[in-house]
Structures are given as C-alpha cells and as structure tokens.
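Me: Can you walk me through this model? Keep it quick.

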Amino acid sequence: MKLVLDSKERNIAGFRVKAARLQNKMTQKELSVKLETLAIYIDRASISKLEQQKRIITDIELIGLSQVLNVSVTWLLGLE
C-alpha cells in the first residue's frame, strides 16, 4: 500500500519534539543516544528530519521520545 499525504509535512509532532529537546538542553545526538537505551534507533540526521516534519514518526518512536523528553504523547501530538 502506498502512503499518500496531502501536504509536505510527514508528522505533526516534530516542532514539539524540538521544543522539548531544547527545553531539556539536549543535542540531537544526545537524544539519539538516549533513545538507543530504549532500543529505538534514530540517528542524528533522522532526528533533524523528524523535527523539520520531513520524516514520519512511528508510534513506538513517539512513545520513546515522550519518555526521553519527559513529556506526554498527547503533548507531542498537540492535543494538550
């Protein structure tokens, strides 16, 4: 099945991921390393794409990001 998107944005959480990362005074590389401890492998370049909404975020990645960044999944999704 082909993924069809109407806009260029590939996710809705990217801007909040960046905001939370900066709030935690963390680099993209540090975020990548912390995610690896949860067996979630996203390299620094992919985190950059994720934050720019150029990369899709899987549900497992979203949960890991919320844990590492100490924010809720609903906050990352802009629901609170």
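Reply: One definition to begin with: helices (H or I, at least four residues) and strands (E, at least two) are DSSP runs, numbered from the N terminus. This is a predicted model: local features need pLDDT of at least 70, side-chain atom pairs count only at pLDDT 80 or more, and totals for chains, interfaces and linings use all residues. Residues are numbered from 1 along each chain as its sequence is written, and side-chain values use heavy atoms, with hydrogens and water left out.

Me: Fine. What phi does Lys-25 take, just after H1?

Reply: About 50°, a positive value.

Me: And which residues of H1 are buried?

Reply: Gly-14, Val-17, Ala-20 and Arg-21. Buried means under 20% relative accessible area, exposed over 50%, partly exposed in between (1.4 Å probe, protein chains only).

Me: Why do they line one face of the helix?

Reply: Seen down the axis of H1, the buried residues fall within an arc of 125°, so they line one face. The arc is that of the directions from the helix axis to the C-beta atoms. Phe-15 and Gln-23 are exposed on the other side of H1.

Me: What do the buried residues of H1 pack against?

Reply: H2, H3, H4 and H5. Contact here means heavy atoms within 4.5 Å.

Me: Switching to H3. Which residues are buried there?

Reply: H3 spans residues 44-51, and its buried residues are Ser-46, Ile-47, Ser-48, Leu-50 and Glu-51. Their cover includes H1 (14-23), H2 (28-36) and H4 (59-69). Just after H3, Gln-53 has a positive phi of about 65°.

Me: Now the core. How many residues are in the largest nonpolar one?

Reply: It has 16 residues. Such a core is a set of buried Ala, Val, Leu, Ile, Met, Phe, Trp, Tyr and Cys residues joined through side-chain atoms within 4.5 Å. Val-17, Leu-31, Leu-35, Leu-65 and Leu-69 have the most contacts inside it. H1, H2, H3 and H4 each supply at least two residues. H4 gives the most, with four.

Me: What does Leu-35 touch?

Reply: Leaving out residues up to four places away in sequence, Leu-35 touches Ile-40, Ile-42, Ile-47, Gly-64, Leu-65 and Val-68.

Me: Back to backbone angles. Where is Ala-39, and what is its phi?

Reply: Ala-39 is in the loop between H2 and H3. Its phi is near 65°, positive in a residue other than glycine. Most residues other than glycine have a negative phi.

Me: Is Ala-39 buried or exposed?

Reply: Ala-39 counts as exposed, at 52% relative accessibility.

Me: What about Asn-70: where does it lie?

Reply: Asn-70 lies in the loop between H4 and H5 (73-76). Its phi is near 60°, also positive. Asn-70 is exposed, with a relative accessible area of 64%.
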